[in-house]
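Trainee: Could you take me through one part of this model, slowly and in plain words? I'd like to see how a sheet is put together, strand by strand.

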Amino acid sequence: MEFLSRTQVIAALAAVGLALYVLELVRRRRLSEEYSLLWVVSSVAAAVLGFSTPLLRAITRALGILYEGSTVFFFGLAFATAMLLYLSVKLSRLGQENHTLTRELALVRFELEELRGDRPAMALPAAPGEPA
Amino acid sequence: MGAPRVLVIVPAHDEAESLPATLDELRRKAPGFDVLVVDDGSRDGTAAIARAHHVPVVSHAVNLGVGGALQTGFRWAMARGYDVAVQLDADGQHDPAHLDALLAPVLRGECDVAIGSRYAAHTGYRAPLARRIGIALFAAVVRLAVGQRITDTTSGYRAYDRKVMAICQYDFPKDFPDSPLLIDLARRGFRLAEVPVEMRRREAGRSFYTLGRSLYYPYKNLLASLMVLLKRPG
C-alpha cells in the first residue's frame, strides 16, 4: 500500500478508531442509531480515503484540488457543517417540544390544584380585606 | 351572546417586588376584570404573591420567555372560554386605567390585535436617543413588511381577540414577541390597530431587556423580522 505521508496513516487509523468508538457508544445505548449512522458513514469514508491513496488522488484531481491534504480537510469541514446544521434542526425541535411540555405541565398542575381546592377556581379578584 | 369575557394576562418572571403593586392597582382601577398571572419560572416567590392576592397563577417549571408565558395565558384563556385577552406587564409599566381604551377597538370588532402605543399620540413619554433610533427602525421594518404604520412595535400592552388566541395558543413566535410577532400576525390576516396609552418607567425588578441585550436585541429582532417573512404562512 502506498501512503503519501505518516500523517495519512495516523488520520486513517484515527478514523477507524472513531468508527469503533461510535459503534461501542451505540452498543452501550449512549448514542441513538439515528445519530450513529452519520458518524459511522463519515468515519468509514475518512478511513477509506486514508488507506486508499489512489482514490484520494483521484478525488483530489476530479475536484480540481491541488493538494491531497486539502481534500481531507474539505470533506471534514463539509461533514462538520452538515452535522452542526442537523443538530441545530434537532435542537430547534427539542426546544419546541420542551416549551410545549413545560406549558402543559403548568396547566395540568393548575387544574390539579384547582380540583384539590388549593386556590380560587376562577379569576375573580377578591375584594380587599376578604379572607382567603 | 352575553358580554364578552376579558382576561388580563400578567406574564411575570422574578417580579416579586413589582407584582403586589401591579395586582393592587389592577384590583383598584379595573375591578371587573379577571386576572391570570403566568409565573415564568420565577425563583423569588412570584407565584406565592399572586396566590396571596387571590389571583390564579400558572407556573412554568422553567423560564420560557415573555412569548412562552403569553402563549400559556392564551391556552388557559381559550380553555376557559374567554373572548379577549390583554397582556399587561407585571413591572408596573402599564396603567390598568387604559384597559378600557385598549379593549374598545377589539370589542367593537374593528381589529383583532390592539397595541397600546407610547408614541401614537403625544403621551409625554420620551425615550433616550439610541432607543428612539431603534424604535424608528423597527417601525420602518414593520411598515415595509405589512404596509401599516405601527409606532410602538415593542409595546407589551396589547389586547388579542379569540381568533388570534386560537391560532397563537399553539403557534407563536415565542422568542420574538415584538416586531416579528406583529409581522407574523399581519401576514396571517389579522387586523392590527394602535391605541395611544401612557407608560411609566419600571418601578422595581429587572426589565426583560437588560443592558447586555440592548446591543443584541436590535440585531436579533431585525433578523427575526426578516425570517418571519420567509416562513410559509401556516
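Mentor: Sure, here is a walk through the sheet of chain B, starting from one of its strands.

Keep in mind that this is a predicted model. The sheet is an open one, built from seven strands of chain B in the order β3-β2-β1-β4-β6-β5-β7, and the pairing is mixed. Who stands at the edges? That would be β3 and β7 of chain B, each with a single partner strand, so one side of each has no neighbour in the sheet. As for how the strands lie, neighbours in this sheet are turned by 20° against each other on average, if you ignore direction.

Let's zoom in on β2(B), which covers residues 34-40. Seven of its seven residues are buried, so the strand is largely enclosed by the rest of the structure. Here is a handy bit of background: in a regular strand, side chains alternate between the two faces of the sheet. Now look at β2(B) itself. D34(B), L36(B), V38(B) and D40(B) point one way, while V35(B), V37(B) and D39(B) point the other way, and all of them are buried.

Next, the partners of β2(B). On one side there is β1(B), residues 6-12, and the two strands pair in the parallel sense over six bridges. If you want a spot to find on screen, go to I9(B), which stands opposite L36(B) in β2(B). To get from β1(B) to β2(B), the chain passes through helix α1 of chain B, residues 19-29, and this β-α-β crossover is right-handed.

The other partner of β2(B) is β3(B), residues 57-60, and here the pairing is again parallel, over four bridges. The spot to look for this time is V37(B), which sits opposite V57(B) in β3(B). The chain travels from β2(B) to β3(B) by way of helix α2 of chain B, residues 46-52, in a β-α-β crossover that is right-handed.

Let's go back to β1(B) and pick out V8(B), which has its place in that strand. Is V8(B) buried or exposed? V8(B) is buried, because its relative accessible area is 0% and the cut-off for buried is under 20%. Leave aside the neighbours within four places in sequence, and V8(B) touches L26(B), F33(B), D34(B), V35(B), L36(B), V86(B), L88(B) and L99(B). Some of those names should look familiar: D34(B), V35(B) and L36(B) turned up when we looked at which way the residues of β2(B) point. V8(B) also shows how folding brings distant parts of a chain into one region: V8(B) and R158(B) are 150 residues apart in sequence, yet 10.0 Å apart in space, C-alpha to C-alpha.

Moving along the sheet, β1(B) is also joined to β4(B) by four bridges, and these two strands run parallel. In this pair, V6(B) has V84(B) of β4(B) as its bridge partner. Strand β4(B), residues 84-87, is covered on both faces: V84(B) and V86(B) on one side are buried, and so are A85(B) and Q87(B) on the other.

Then comes a change of direction. β4(B) and β6(B), residues 158-161, pair in the antiparallel sense over four bridges. You can check this pair at A85(B), whose bridge partner in β6(B) is Y160(B). With this antiparallel pair next to parallel ones such as β1(B) and β4(B), you can see what "mixed" pairing looks like in this sheet.

Towards the β7 edge, five bridges join β5(B), residues 113-117, to β7(B), and the two run parallel. A114(B) stands opposite A193(B) in β7(B). Something also packs on the sheet: α1(B) touches β1 and β2 of chain B, and its direction makes about 165° with that of β2(B).

One last stop in chain B is a pair of helices. α5(B), residues 129-146, and α7(B), residues 179-187, pack at an angle of about 15°, with their axes 10 Å apart. The two helices are therefore roughly parallel to each other. Their crossing is right-handed. The contact involves F138(B), V141(B), V142(B), A145(B) and V146(B) from α5(B), with S179(B), I183(B) and A186(B) from α7(B).

Definitions and conventions. Residues are numbered from 1 along each chain as its sequence is written. Chains are lettered from A and ligands numbered from 1 in the order in which they are written. This is a predicted model: local features need pLDDT of at least 70, side-chain atom pairs count only at pLDDT 80 or more; totals for chains, interfaces and linings use all residues. Side-chain values use heavy atoms; hydrogens and water are left out. Buried means under 20% relative accessible area, exposed over 50%, partly exposed in between (1.4 Å probe, protein chains only). Two strands pair if DSSP finds at least two bridges between them. A crossover is right-handed if, with the strands pointing away from the viewer, the path from the first strand over the helix to the second runs clockwise. Axes are lines fitted to C-alpha atoms, for helices over the stretch in contact, and angles run from 0 to 180 degrees between N-to-C directions. Angles under 35 degrees count as roughly parallel, over 145 as roughly antiparallel, 65 to 115 as roughly perpendicular and the rest as oblique. A crossing is left-handed if the near helix is turned anticlockwise from the far one by less than a right angle, and right-handed if clockwise. Contact means heavy atoms within 4.5 Å.
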